[in-house]
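Dear colleague,

Below I am handing over the structure we spoke of, together with the sequence. After it you will find my notes on what was found, arranged by region.

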Amino acid sequence: MATRKLFRNLLEKGVNAIKSQQPFEAKATAAAAVAPDPHLTPPEPSGPKILTSVPGPKSIELKERLNGIQNTEAIHFFVNYNESQGNYVMDVDGNVMLDLYNQIASLPLGYSHAKLLKVMTDPGNTAAFVNRPALCVHPPGNWPDKLFSTLLHVAPQGLHQVMTMACGACSVENGQKVLFIAYRNRQRGGMPPTDEELVSCVENKAPGCPPLTFLGFKGAFHGRSIGALAITHSRPVHKLDVPQPDWPMAPFPRLKYPLDEFARENRKEEDMCLAATREQIEKYNNKGTPVAGMAVEPIQCEGGDNHATPYFFQGLQDITKEYHMGFLIDEVQTGCGATGKMWAHDHWDLKDGPDVVTFAKKMLTGGFYYKDKYRVKEGMRIFNTWSGDPSKVALLEASLNVINEEDLINNMMRVGDYLQKGLHDMQVRFPGVVMNARGLGAMCAIDFCDANTRDAAIRHLRNKGVHTGACGPVAVRLRPSLIFKHHHADIFFDIFQSVLKDLQK
């Protein structure tokens, strides 16, 4: 009881301090006194523990070994997954870090959740896991039931068709394909393809390979394979030296924060972007390269955690209907509850459901939902050998059960509000160092004054026991698991504050 009272007092102190914009120091030692989550077996660590610099000597040695056979420039550190638990990741040097990055936003329940470990040891799953079925040709007998109880159980509004895939990029690409195919079927008036189309497509020529295009947005990231890369416009490292089709790119809003203080300016910015989107579509349609669809992220995560208001996305849907285009919403990063709703586009109050919604990361399996009218009639047109993996859907089933039982989506709304208020407090207290605190649910970010300061902050945070990620030119993004709680946020803010104090000197 004493521990609970201490925790409540700490939280009340933190919330009141943030509301009044007064300095608040959330001590990691006090926050760590919170009772362990009874649903985590074994319990997660009580707080960070740093034994060496990060990366430590063992990580550096392993990186040198691996570098002999592949490029290792992107590696942060090597992980001891056997000892990582809950919201904490342990590296091979024994450093324990509070993880607000979670395998690039991919862990719904943190590390080594008991319910997920049980799935992997369940004898009833062994045969499907070992024999990994080619799901489009030889699915297991329980596959329809699994899809109904998992993916279709949480399907977005109006989307009754689903296809599993291995990753986010192939989910986006196959979502593009169904929209291209539907566009051509409509152009043919429902007639079958001609002999000329069937012959020419094999040679990469028209009319079988038509000059259709797909619209993306500046700052977008949809994947690194060719079709997804063509609508990715975030960083040169993704696209340099890779041939790309001439497809349209429209500007994505660059909003001012706090949103409620700049409502008029932001509406003007979004109207400009909507007008520019129409201009791009007209331009490409008029030169004989029709725009068959557009893809948009609810939050441009890789591009810098760029947000837009529901007004903008409602306007995009109106444009797609006006020009008879497909509307693809890429929820690879934003899906599965991180924003306080199952799907981020649920925040928009769309008149109609989107045409295609892609998913991966926290959903544990890749794939995409789509409307009935986009269902492809012929087999093997939307296809690959595995088309997903039964083990991932089994893990998703267990995850969804935990999410429902523990009300974790609402937890993301509550904790997200707490994180956003805390980030706002930090920018008030450290002006000139951090700014533009923003978020939707627990998907939060804050900008630094420049890239060097941002990168130094990430290094300092890691060496004090907090793992975060960079995005865009100057932002740090927070991607906590769905089991992240207020006391974890207090530990983060205590360490973040100390880092900002060091950077301000």
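**A helix pair to begin with**

Helix α12 (residues 263-286) and helix α13 (residues 310-322) have axes that come within 10 Å and cross at roughly 20°. The two helices are therefore roughly parallel to each other, since angles under 35 degrees count as such, and the crossing is right-handed. On the side of α12 the contact is made by R267, E270, D271, C273, L274, T277, R278 and I281, while α13 contributes Y311, F312, G315, L316, I319 and E322. By kind, the residues of this contact divide into seven nonpolar, two polar and five charged. Please keep in mind throughout that this is a predicted model.

**Two sheets and the helices packed on them**

One open sheet is formed by three strands in the order β1-β2-β12, with mixed pairing. Its edges are held by β1 (88-90) and β12 (466-467), each of which has a single partner strand, so that one side of each is left without a neighbour in the sheet. Between β1 and β2 (residues 96-99), which run antiparallel, there are three bridges, and V89 has M97 in β2 as its bridge partner. Helix α17 (residues 486-504) packs on this sheet, where it touches β1, β2 and β12, and its direction makes about 110° with that of β2.

The other open sheet to describe has four strands in the order β10-β11-β14-β13, and here the pairing is antiparallel. At the edges stand β10 (434-440) and β13 (469-471), and because each has a single partner strand, one side of each is left without a neighbour in the sheet. On average, neighbouring strands of this sheet are turned by 30° against each other, if direction is ignored. Four bridges connect β11 (residues 443-448) with β14 (residues 475-478) in the antiparallel sense, and the bridge partner of I446 in β14 is V476.

Helix α16 (residues 451-463) packs on the four-stranded sheet, touching β11, β13 and β14, and its direction makes about 165° with that of β13. Helix α17 also packs on this sheet, in contact with β10, β11 and β14, and its direction makes about 10° with that of β11. Helix α17 is thus found packed on the sheet of β1, β2 and β12 and also on the sheet that contains β10, β11 and β14.

**Backbone points to check by eye**

Most residues other than glycine have a negative phi, and most peptide bonds are trans. Against that background, a cis peptide bond joins V54 and P55, with omega of about 5°, and P55 lies in the loop between α2 (28-31) and α3 (57-67). The peptide bond from A206 to P207 is cis as well, with omega near 5°, and P207 belongs to the loop between α9 (195-202) and β4 (213-217).

Positive phi values occur at K361, where phi is about 45° although the residue is not a glycine, and at L364, likewise not a glycine, where phi is about 70°. K361 lies in the loop between β8 (356-359) and β9 (366-370), and L364 lies in the loop between β8 and β9 too. As for exposure, K361 is partly exposed, with a relative accessible area of 22%, and L364 counts as partly exposed at 24% relative accessibility.

**Two buried residues**

The loop between β8 and β9 also holds K362, which counts as buried at 2% relative accessibility, the cut-off for buried being under 20%. Leaving aside neighbours within four places in sequence, K362 is in contact with A105, S106, L107, P108, G335, C336, A338, P480 and L482. From K362 to Q333 the separation is 29 residues in sequence and 7.4 Å in space, taken C-alpha to C-alpha.

I403, placed in helix α14 (residues 390-405), counts as buried at 6% relative accessibility. Not counting residues up to four places away in sequence, I403 touches L109, C336, L408, I409 and L482. C336 and L482 are thus among the contacts of I403, and they are also among those of K362. By contrast, I403 and F221 are 182 residues apart in sequence and 27 Å apart in space, C-alpha to C-alpha.

With best regards

Conventions. Residues are numbered from 1 along each chain as its sequence is written. This is a predicted model: local features need pLDDT of at least 70, side-chain atom pairs count only at pLDDT 80 or more; totals for chains, interfaces and linings use all residues. Side-chain values use heavy atoms; hydrogens and water are left out. Two strands pair if DSSP finds at least two bridges between them. Contact means heavy atoms within 4.5 Å. Axes are lines fitted to C-alpha atoms, for helices over the stretch in contact, and angles run from 0 to 180 degrees between N-to-C directions. Angles under 35 degrees count as roughly parallel, over 145 as roughly antiparallel, 65 to 115 as roughly perpendicular and the rest as oblique. A crossing is left-handed if the near helix is turned anticlockwise from the far one by less than a right angle, and right-handed if clockwise. Ala, Val, Leu, Ile, Met, Phe, Trp, Tyr, Cys and Pro count as nonpolar, Asp, Glu, Lys and Arg as charged, and the others, Gly among them, as polar. Buried means under 20% relative accessible area, exposed over 50%, partly exposed in between (1.4 Å probe, protein chains only).
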